[in-house]
Amino acid sequence: MMIGNMTPEQLAKYFDHTQLRAYAAYRDFETLCAESRRYGFAMVAVNSAPVRFCKELLSGTDIHVGAAISFPLGQTTIEDKVAETKNAIMNGADEIDYVINITQLKERNYDYIEREMAEIVEICRSKNIISKVIFENCYLTDAEKKELCRIACIVKPDFIKTSTGFGTGGATFEDVALMKRMVGDEVKIKAAGGIRNLETAQKMIELGVSRIGSTASVSIVEELKAFLQKQ
């Protein structure tokens, strides 16, 4: 769907409104959740510690709370990621975005990557929680991205995701196109990192993403409103 044919409300449902800064204060989460209520974003994306606080702030809405697991490096054990996932769900998380172990991918330990993905996805599936696998493409070769897509087509998380937004690069059109070619309609795609304007969001949606993680969600929706008012 072309963004020009969307309502601001429809566009807002693509967004995971994001506050993942290490120094975020309670007032920042209050702002995040208030903006999400106002615009009707799909989800608020936070680290696992403030999940319960955000869940309470969003009580009575259909806006999900998403927990970032092993964020942003992914350098914790499977057992650690599983425990953090379970704890986040216990505290009210509706969605889980976890970072893969990039070292194990670089070492071509694909069985490890598949086991890690399968364990986390199964926990989510058993609790009816949406699962997202963060690749962190800025550190990967195209061959590694393709291998992750292959594994994802076996395990079937709900989403694969381009980036944390904390690496050396964020989502690119080329990476989203590659991911879409590899997974087709088997797994949905989330683009995150560096998406700060309407033009970029539109291109990502045209390429096939179903979610966009951004700190600029409000300004992007406002940009659409301004565009529509000129028509």
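Student: Which way does α8 pass α9, left-handed or right-handed?

Tutor: The model here is predicted. In it, α8 passes α9 in a right-handed crossing.

Student: Which residues of α8 and α9 make the contact?

Tutor: F173, V176, A177 and K180 do so on the α8 side. On the α9 side they are T200, K203, M204 and L207. By class, the residues of this contact are five nonpolar, one polar and two charged.

Student: At what angle do helix α8 and helix α9 pack?

Tutor: The angle is about 15°, and the axes lie 9 Å apart. Here α8 covers residues 173-183 and α9 covers residues 198-207.

Student: How should I read that angle?

Tutor: Angles under 35 degrees count as roughly parallel. That makes α8 roughly parallel to α9.

Student: Now the other helix pair. How do the axes of α2 and α10 lie?

Tutor: Helix α2 (residues 26-39) and helix α10 (residues 217-229) cross at roughly 25°, and their axes come within 11 Å. The two helices are therefore roughly parallel to each other.

Student: Is the crossing of α2 and α10 left-handed or right-handed?

Tutor: Left-handed. From α2, the contact uses E35, R38 and Y39. From α10, it uses V218, V221, E222 and K225. Three of these contact residues are nonpolar, no residue is polar and four are charged.

Student: On to empty space. What is the volume of the largest pocket?

Tutor: A pocket is an open set of points, whereas the probe cannot get out of a cavity. The largest pocket has a volume of about 340 Å³.

Student: Which lining residues are closest to the centre of the largest pocket?

Tutor: T18, T164, G165, G193 and T215, out of 22 lining residues. Strands also take part: β7 (188-192) and β8 (211-214) each supply at least two residues of the lining.

Student: How does the lining of the largest pocket divide by class?

Tutor: It has 13 polar, five nonpolar and four charged residues.

Student: How many cavities of 30 Å³ or more does a search of the whole structure find?

Tutor: One. The largest cavity holds about 40 Å³ of space.

Student: Which residues line the largest cavity?

Tutor: L20, M43, A45, V46, G66, A67, A68, D97 and K161. Two elements, β2 (43-47) and β3 (64-69), give two or more residues each to this lining.

Student: And what classes does the lining of the largest cavity have?

Tutor: Six residues are nonpolar, one is polar and two are charged.

Methods
Residues are numbered from 1 along each chain as its sequence is written. This is a predicted model: local features need pLDDT of at least 70, side-chain atom pairs count only at pLDDT 80 or more; totals for chains, interfaces and linings use all residues. Side-chain values use heavy atoms; hydrogens and water are left out. Axes are lines fitted to C-alpha atoms, for helices over the stretch in contact, and angles run from 0 to 180 degrees between N-to-C directions. Helices (H or I, at least four residues) and strands (E, at least two) are DSSP runs, numbered from the N terminus. Angles under 35 degrees count as roughly parallel, over 145 as roughly antiparallel, 65 to 115 as roughly perpendicular and the rest as oblique. A crossing is left-handed if the near helix is turned anticlockwise from the far one by less than a right angle, and right-handed if clockwise. Contact means heavy atoms within 4.5 Å. Ala, Val, Leu, Ile, Met, Phe, Trp, Tyr, Cys and Pro count as nonpolar, Asp, Glu, Lys and Arg as charged, and the others, Gly among them, as polar. On a 1 Å grid over the protein atoms alone, a cavity is a set of points where a 1.4 Å probe fits but cannot get out, and a pocket is an open set with protein on both sides within 12 Å along at least five of seven lines; lining residues have an atom within 4 Å of a point. Grid points are joined across faces, edges and corners, and a volume is the space filled by probe spheres set on the points.
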